[in-house]
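Hi everyone, thanks for coming. Let's walk through a structure together, one piece at a time. Please have a look at it before I start.

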Amino acid sequence: MELFLVALAMTVLYRIARALFRLAAGRRERESREKLLKDAETGRPGTAEPARWFGSMETPAVNGYSVPGGLVYVGEKLLDYSGFNDPCLLNPSLRAVSGFSPSVPLPEQRLHYGKMTPEQRGAYLSWLAGGRNDPDAALPYVFLFFYGLERRLMVDAQRGAVSPEERADIVLEILRLLQIYGEHRAFRGHAANLLAMEWVLWGIPDDRPGYIDFTDRYCARASASMDAR
């Protein structure tokens, strides 16, 4: 009888231990999958394909959408200062669902291509594919595209990778966006400041373009930089 009880206890303990092991293994597998997904979306350094910048005369294709007029980064890896993918990167490895209007809301916490839902990515790509001129588009999509222009001017151009002609293309695009979305104070302010900084860094001091107004409070930092030159 005692041997039977001992054997029964050992069997029960073995099954409990095996169940606990399976639970732990399942948890590790889930955590690993979640980590891989997060890394894919936020772009940790690895074997991902480096992003490429497409100029204004190019038409990249992303998830079945053609983006006329370029001015976007496309690829799997474009690291920002924190070591993760830049929010503006169009990562074709991430799913995008077609058929959604660019008026689909995009909360501030999702102002990052990798953090969008597939439906939001589809809405954003439809705005890009439509020529970036839908006046009813949710403003965060406009900002997300604008962040790419900002990076091109403030990061790549500082490394000597951007020609004067390309800078002119970017300036013209910002001015065009202002005509469509300039009624939004937040976007108008960011755009005005970037235009001013572009001129401060590369413009002719005695030939200030008419679209720059240093009496605008958004140009205060650019004006201070100009005074220091």
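Starting at the N terminus, the elements of this protein run α-β-β-β-β-α-α-α-α-α. That gives 6 helices and 4 strands. Please keep in mind that this is a predicted model. How much of the protein is buried? Of its 229 residues, 39% are buried.

Let's begin with the aromatic rings. The structure holds 9 aromatic pairs. One of them is formed by W127 and F145, and the geometry is edge-to-face: the centres are 5.9 Å apart, with 75° between the planes. Which parts of the chain does this pair link? W127 belongs to helix α2, which covers residues 118-129, while F145 belongs to helix α3, residues 139-156. The two partners are 18 residues apart, and the pair links distant parts of the chain. Both W127 and F145 are buried.

Now find F146 and F187, another edge-to-face pair, with 5.6 Å from centre to centre and 80° between the planes. F146 is in helix α3 and F187 is in helix α5 (residues 185-202), so this pair ties together parts that are 41 residues apart in sequence. Why does F146 count as buried? Its relative accessibility is 0%, and buried means under 20%. F187 is buried too, with a relative accessible area of 0%.

You can also look at the rings as a group. Ring pairs link Y113, Y124, W127, Y141, F145 and Y181 into a cluster. So here we meet W127 and F145 again, as members of that cluster.

Some rings have a charged neighbour over the face. Y113, from the cluster, has R121 over its face, at 5.7 Å from the ring centre. Likewise, R151 lies over the face of Y73, and there the distance to the ring centre is 5.8 Å.

R151 brings us to the largest pocket, where it is one of the lining residues. Which other residues line that pocket? Along with R151, the lining has L79, D80, Y81, D86, P87, Y147, E150, V155 and R159. By type, the lining divides into 5 nonpolar residues, 5 charged ones and no polar ones. The space in this largest pocket is about 250 Å³.

Next, two polar contacts. R152 sits in helix α3, and its side chain is joined to the side chain of E166 by a polar contact of 2.6 Å. Is R152 buried or exposed? R152 is buried, because its relative accessible area is 9%. The second contact involves H112, in the loop between β4 (72-74) and α2. The side chain of H112 reaches the backbone nitrogen of G114 at 3.0 Å. H112 counts as buried as well, at 10% relative accessibility.

Let's move to the loop between β3 and β4, where several residues are worth a stop. V67 is found in this loop and, at 0% relative accessibility, counts as buried. Its C-alpha atom is separated by 7.5 Å from that of G131, although the two residues are 64 residues apart along the chain. G69 lies in that loop too, between β3 (65-66) and β4. Its C-alpha atom is 9.5 Å from that of E173, and here the separation along the chain is 104 residues. Why is G69 called partly exposed? Its relative accessibility is 23%, and partly exposed falls between 20% and 50%.

L71 also has its place in the loop between β3 and β4. Its phi is near 60°, a positive value in a residue other than glycine. At 3% relative accessibility, L71 counts as buried.

Where can we find another positive phi? Look at R132, which has a positive phi of about 55° although it is not a glycine. R132 is found in the loop between α2 and α3, and at 3% relative accessibility it counts as buried.

To finish, here is a short tour you can retrace on your own screen. Start at the pair of W127 and F145, between helices α2 and α3. From there, go to F146 in α3 and its partner F187 in α5. Then stay with helix α3 for R152, and follow its side chain to E166. Thanks for listening!

Notes: Residues numbered from 1 in each chain as written. Predicted model: local features only at pLDDT ≥ 70, side-chain atom pairs only at ≥ 80, totals over all residues. Heavy atoms only, no water. Phe/Tyr/Trp six-rings, centres within 6.5 Å; stacked < 30°, edge-to-face > 60°. Buried < 20%, exposed > 50% of the residue type's maximum accessible area, 1.4 Å probe, protein only. Lys NZ or Arg CZ within 6 Å of the ring centre and 35° of its normal. Polar contact = N/O pair within 3.5 Å; in protein donor to acceptor, adjacent residues only side chain to side chain. 1 Å grid on protein atoms, 1.4 Å probe; cavity = no way out; pocket = protein on both sides within 12 Å on 5 of 7 lines; lining within 4 Å. Points joined across faces, edges and corners; volume = space filled by probe spheres on them. Nonpolar A, V, L, I, M, F, W, Y, C, P; charged D, E, K, R; others polar.
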